[in-house]
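This report describes the interior packing, the helix faces and the main pocket of the structure shown below.

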Amino acid sequence: MAPRCLIVDDSDCFLQAAREMLHAEGIAVVGVASTTAEALDRCADSRPDVVLMDVDLGQESGLDAAQRIADTAADGRPRVILISARHEEDLAELIEASPAIAFLPKLRLSGAAVNEALWAADSGSGLQEGADR
C-alpha cells in the first residue's frame with residue numbers, strides 16, 4: 001500500500017511540482033501545507049504516514065515544526081523526512097538532533113527515495129539520506 005504523505009514547504013511552486021511527481025510515482029499525497037499551523041491541522045485531519053518537511057519554512061523553522069509534529073504523533077506516526085535545497089553537511093547537527101527519520105535533498109526527492117527512507121526506518125537502519133546510506 002502506498003504511504004500517505006503530507007508535503008510541507010513555503011514554496012507553492014515546489015509544493016505543486018512535488019505533489020505531481022510523488023503522485024505519479026505511487027505516493028498518496030494527502031495534503032500540502034506552508035506553515036507549522038497548517039501542517040499540524042493537516043496531520044490531524046489526514047493522518048499521513050509521512051511528512052516531508054522543508055527545513056526552511058520562510059519565517060518559521062521546519063525543524064521546530066518537525067519537533068511539534070513528532071510531539072503530537074500517535075503511535076509514532078507520522079514520521080518526518082526533512083527536505084531542503086541546502087546541503088546535508090550544512091545541516092548535519094540540526095538533522096541529527098531532530099526527530100526526522102531521514103533527510104532528502106530536494107533535487108533527489110522521489111517516490112523511491114521516500115519509500116527507501118521509510119523502509120530503512122522500519123528496519124532499524126537509523127537516519128538515512130536518500131539512497132546513499
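## Helix H2

In this predicted model, Ala44 and Asp45 are exposed on one side of H2, the side away from its buried residues. The buried residues of this helix are Thr36, Ala39, Cys43 and Ser46. Because these buried positions cover an arc of only 115° around the axis, they lie on the same side of H2. An α-helix has 3.6 residues a turn, so residues three or four places apart point the same way.

The cover over the buried residues of H2 includes strands S1, S2 (28-33), S3, S4 (56-57) and S5 (60-61), together with helix H3.

## Arginine 47

H2 is followed by arginine 47, which lies in the loop between H2 and S3. Although arginine 47 is not a glycine, its phi is positive, at about 45°. Most residues other than glycine have a negative phi. Is arginine 47 buried or exposed? With a relative accessibility of 55%, arginine 47 counts as exposed, since the cut-off for that class is over 50%.

## The largest pocket

The largest pocket holds about 210 Å³ of space. Its lining comprises 13 residues, of which Cys43, Arg47, Ala74, Arg77 and Pro78 are the closest to the centre. Cys43 is thus a lining residue as well as one of the buried residues of H2.

Helices H2 (36-46) and H3 (62-72) each supply at least two residues of the lining, and H2 gives the most, with 3 residues. By class, the lining has 8 nonpolar, 4 charged and 1 polar residues.

## Nonpolar cores

The largest nonpolar core has 20 residues, and those with the most contacts inside it are Ile7, Leu22, Leu52, Ile81, Leu104, Leu109 and Val114. At least two residues of this core come from each of strands S1 (4-8), S3 (50-54), S6 (79-84) and S7 (102-105) and from each of helices H1 (12-24) and H5 (111-122). Apart from this core lies another, of 19 residues, including Val8, Ala65, Ala66 and Ile95.

Beyond its neighbours within four places in sequence, leucine 52 is in contact with Cys5, Leu6, Ile7, Val8, Leu22, Ile81, Ile83, Leu109 and Val114.

## Helix H4

Helix H4 spans residues 88-97, and Glu88, Leu91 and Ile95 are buried there. These three cover an arc of only 80° around the axis, which puts them on the same side of H4. On the other side of H4, the exposed residues are Glu89, Asp90, Glu93, Glu96 and Ala97. Ile95, buried in H4, is among the residues of the 19-residue core.

Key: Residues numbered from 1 in each chain as written. Predicted model: local features only at pLDDT ≥ 70, side-chain atom pairs only at ≥ 80, totals over all residues. Heavy atoms only, no water. Buried < 20%, exposed > 50% of the residue type's maximum accessible area, 1.4 Å probe, protein only. Helix = DSSP H or I, 4+ residues; strand = E, 2+ residues; numbered from the N terminus. Arc of directions from axis to C-beta. Core = buried A, V, L, I, M, F, W, Y, C linked by side-chain atoms within 4.5 Å. Contact = heavy atoms within 4.5 Å. 1 Å grid on protein atoms, 1.4 Å probe; cavity = no way out; pocket = protein on both sides within 12 Å on 5 of 7 lines; lining within 4 Å. Points joined across faces, edges and corners; volume = space filled by probe spheres on them. Nonpolar A, V, L, I, M, F, W, Y, C, P; charged D, E, K, R; others polar.
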